[in-house]
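These are my notebook entries on charges, salt bridges and one strand pairing. I begin with the rule on which the later entries depend.

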Amino acid sequence: MSRTRRLLDLIQILRSHRFPVAGERLAEQLGVSLRTLYRDIRTLQEQGAHIDGAPGLGYLLRPGFMLPPLMFSEEEIEALVLGTRWVAKRADAKLGSAAREALQKIAAVLPKDLRDTLDASALLIGPGPGIAAGSIELAQLRQALRTERKIVIDYRSLGGAESKRVVWPCALGYFDQALVLVAWCELREAFRHFRTDHIAAMEILPQRYPRRRQALLKAWREQQDMGLSNHAADKN
């Protein structure tokens with residue numbers, strides 16, 4: 001195994017653990033000596049990986065680490081560029097700006113040949129209308145998703161019925177013509193799908209909902225036969 005491949009494997013192993021992992025266990029999984037493992041840990045830390053720990057205590061990878069310069073193949077770079085361009089053209093302005101800034105940060109740590117590949121990518125996003133998101137602030141909705149907060153929404157169904165709901169947001173689906181919020185609805189005591197362009201007003205409540213978002217999303221997925229493909233059906 002090349003050293004580059006080993007460093008990437010080490011990152012993936014650390015990513016899969018939420019608690020510190022003993023150096024001996026990491027070395028065994030990688031098939032290297034403890035001395036080599038410690039050297040690899042130092043290399044990743046020098047490249048920007050936020051790895052906490054020390055010999056005898058175990059190691060933990062913190063979120064938000066800088067990507068190693070040799071992490072991407074040419075096709076992976078093309079996928080990143082294409083995805084960023086799609087978000088910049090189709091998503092809201094704040095998310096689009098974040099996507100472009102993220103790509104700039106990735107470009108800053110790439111070697112010159114791969115950076116040239118990124119700049120010269122020939123994969124383009126054609127012109128088209130933006131996604132109908134409605135009048136609510138999407139950045140606030142994404143914040144509610146990240147922090148697992150309940151929200152109050154004033155909602156108008158496709159049939160024109162208006163209602164006020166307290167919901168637990170667990171996912172946001174991006175479709176060609178609409179954004180769909182997946183949430184547990186306290187009124188219906190069930191999962192419901194809400195088009196964001198039908199939400200007239202939204203307020204984030206201080207209370208966190210009682211289940212983790214990951215558990216909610218898993219429960220929702222188990223109820224779906226074909227995911228969100230039938231998002232147009234309004235059963236609110």
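Entry 1, criterion. I took a salt bridge to be a side-chain nitrogen of Lys or Arg within 4 Å of a carboxyl oxygen of Asp or Glu. The model is predicted. By this rule I counted eight salt bridges.

Entry 2, strands E3 and E4. I looked up Asp-154 and found a salt bridge with Lys-164, where the closest N and O atoms are 2.6 Å apart. This pair links distant parts of the chain, with Asp-154 in strand E3 and Lys-164 in strand E4 (residues 162–174), ten residues apart. I then checked the exposure of each partner. Asp-154 is partly exposed, at a relative accessible area of 25%, whereas Lys-164 is exposed, at 57%.

Entry 3, helix H7 and the loop after H4. I asked which residue forms a salt bridge with Arg-142. The partner is Asp-92, and the closest N and O atoms are 2.8 Å apart. Arg-142 belongs to helix H7 (residues 138–147) and Asp-92 to the loop between H4 and helix H5 (93–109), so the salt bridge ties together parts that are 50 residues apart in sequence. I recorded both Arg-142 and Asp-92 as buried.

Entry 4, Lys-150 and Glu-186. I noted a further salt bridge between the side chains of Glu-186 and Lys-150, at 2.9 Å from N to O. Here too distant parts of the chain are linked: Glu-186 is in the loop between E5 and E6, Lys-150 is in strand E3 (residues 149–156), and they are 36 residues apart. Is Lys-150 buried or exposed? I classed Lys-150 as buried because its relative accessibility is 18% and the cut-off for buried is under 20%. Glu-186 is partly exposed, with a relative accessible area of 31%.

Entry 5, the E5–E6 hairpin. I looked up how strand E5 (residues 179–185) and strand E6 (residues 190–195) are arranged, and found them paired in the antiparallel sense over six bridges. Cys-185 stands opposite Ala-190 in E6. The two strands, E5 and E6, form a hairpin with four residues between them. In the turn I noted Glu-189, which has a positive phi of about 55° although the residue is not a glycine. Glu-189 counts as exposed because its relative accessibility is 62% and the cut-off for exposed is over 50%.

Entry 6, Glu-148. I found a second glutamate to record for its backbone: Glu-148 has a positive phi of about 60° and is not a glycine. Glu-148 sits in the loop between H7 and E3 and is buried, with a relative accessible area of 6%. I also asked which residues are linked with Glu-148 in a network of salt bridges. They are Arg-208 and Arg-212.

Entry 7, surface charge. I looked for a patch of negative charge on the surface and found Glu-74, Glu-75, Glu-76, Glu-78 and Asp-113 gathered in one. Which helix gives the most to this negative patch? Helix H4 (residues 74–90) does, with four residues. Glu-76 lies in helix H4 and is partly exposed, with a relative accessible area of 39%. Glu-76 meets the accessibility cut-off for a patch because its value is 39% and the rule asks for over 30%.

Note on methods
Residues numbered from 1 in each chain as written. Predicted model: local features only at pLDDT ≥ 70, side-chain atom pairs only at ≥ 80, totals over all residues. Heavy atoms only, no water. Patch = residues over 30% accessible without salt bridge, like charges linked within 9 Å, V, L, I, M, F, W, Y side chains within 5 Å. Areas by Shrake-Rupley, 256 points an atom, 1.4 Å probe, with all protein chains shown as cover. Lys, Arg positive; Asp, Glu negative; His and termini not counted. Charge placed at Lys NZ, Arg CZ, Asp CG, Glu CD. Buried < 20%, exposed > 50% of the residue type's maximum accessible area, 1.4 Å probe, protein only. Pairing = 2+ DSSP bridges.
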